[in-house]
Amino acid sequence: MSTQNVTVIGLGQMGAALAGAFLDAGHPTTVWNRTPGKAAPLVARGAVRADSVAEAVAASDLVVICVLDYTAVRALLAPVAETLRGRALVNFTSGSPEQAREEAKWAAGHGITYLDGAVMTTPPGVGDSASMFLYSGAPEVLAAHRETLAVLGDPVDLGSDAGLASLYDTGLLGLMWSVFGGWLHATALVGADGVAAKDFTAVVDRWLRTVSWFMTGYADQIDAGEYPGDDATIDVQVVAIGHLLHAGADRGIDARLPELHLDLMRSAVAAGHGQDSYARLIEAFRKA
Ligand code: NAP
């Protein structure tokens, strides 16, 4: 059990989960929330409720904030900037990379060591070492508090540019929605022939690992700017996606997702890249 004091500002779904994980790991935890009643379950578990943001900040060298947006962060912290001076501030509030960089600048101007964080899970995943917590910003915060922050989930250090955690976060959420879309489309397709989502998803789980292996290889191609179609060409996949469109049409399945992929592939073929690998399509996204 650790004795590092922690303050958590913001006790919505995520903030409450963060405070709960610190409490579970034995950290003396001070909490504050705009609506004070939300602190009650945490106080019952041993947290100390602060009556003001200033009191909350003064209680710990490590201050964690997780509220709705960066506007709320600044509104809460600007009046207590002097109390925050010399302390470590970790901001798990979601925002844009530009907002994170602006917040880091503001913090540096007040002598506050600032680390931006992105929580890559939902509240039930907080406290699980399999969950990723992305960090970017002042390296001294992770150096001093890695062990404490690790009780929330596995800390992934992205370096000193405070904007990177938010940049990865937005990109990764985009990836998640694309995967959800592909999975739901495919589940609707096989479901039309009576396959249960649960049965199909067991196979999907294995397939995603293979897809991930493909991506690892393609990442090298993207970094090299060369896309040899050694494993499978775009030409072959234009034919293969035709089978998906055909099967979908026969079953009345919405075709917008595969049509989008086909459109991107056709653009690459039209530009003379049909013999390249699928990774070539990164150029289409870059041009947009
Ligand atoms: P939530 O349950 O709606 O909680 C929002 C929190 O922000 C509450 O503590 C709320 O206080 C506070 N708040 C909002 N406006 C405020 C203001 N003007 N001044 C002071 N406090 C204010 O949302 P959440 O799910 O905890 O999300 C919080 C942050 O975590 C968001 O940036 C979200 O994107 C991020 N996040 C959430 C998840 C998730 O799965 N939930 C995952 C990753 C990241 P009151 O209680 O007084 O309303």
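**Exercise 1. What share of the contacts in the chain with a separation of 6 or more is accounted for by residues 24 or more positions apart?**

Step 1. Start from the source: this is a predicted model.
Step 2. Take the contacts with a separation of 6 or more; residues 24 or more positions apart account for 63% of them.
Step 3. Set this beside the secondary structure. The chain has twelve helices and eight strands.

**Exercise 2. Describe the overall frame of the chain and its surface.**

Step 1. Along the principal axes, the C-alpha atoms fill a box of roughly 65 × 45 × 30 Å.
Step 2. Turn to burial. Of the 288 residues, 39% are buried, with under 20% relative accessible area as the cut-off.
Step 3. Add the surface. The accessible area is about 15100 Å². Carbon and sulfur atoms contribute 59% of that area.
Step 4. Count the charges. There are 32 negative and 19 positive side chains. The centres of these two sets lie 5 Å apart.

**Exercise 3. Locate the ligand's surroundings, then list polar contacts to its oxygen atoms.**

Step 1. Find the neighbours. The ligand is surrounded by 20 residues, and the closest are M14, N33, T35, K38 and S94.
Step 2. Check the backbone. M14 places a backbone N or O atom 2.8 Å from a ligand oxygen atom.
Step 3. Check side chains. In T35, a side-chain N or O atom is 2.5 Å from an oxygen atom of the ligand. For the side chain of R34, the corresponding distance is 3.0 Å.
Step 4. Finish with coverage. On its own the ligand has 900 Å² of accessible area, and the protein covers 74% of it.

How values were computed: Residues are numbered from 1 along each chain as its sequence is written. This is a predicted model: local features need pLDDT of at least 70, side-chain atom pairs count only at pLDDT 80 or more; totals for chains, interfaces and linings use all residues. Side-chain values use heavy atoms; hydrogens and water are left out. Helices (H or I, at least four residues) and strands (E, at least two) are DSSP runs, numbered from the N terminus. Buried means under 20% relative accessible area, exposed over 50%, partly exposed in between (1.4 Å probe, protein chains only). Contact means heavy atoms within 4.5 Å. Accessible areas come from the Shrake-Rupley method with a 1.4 Å probe; for residues, only the protein chains shown count as cover. Lys and Arg count as positive and Asp and Glu as negative; His and the chain ends are not counted. The place of a charge is taken as NZ of Lys, CZ of Arg, CG of Asp or CD of Glu. A residue is near a molecule or strand if one of its heavy atoms lies within 4 Å of it. A polar contact is a pair of N or O atoms within 3.5 Å; within protein, one must be able to donate a hydrogen and the other to accept it, and residues adjacent in sequence count only if both atoms are side-chain atoms.
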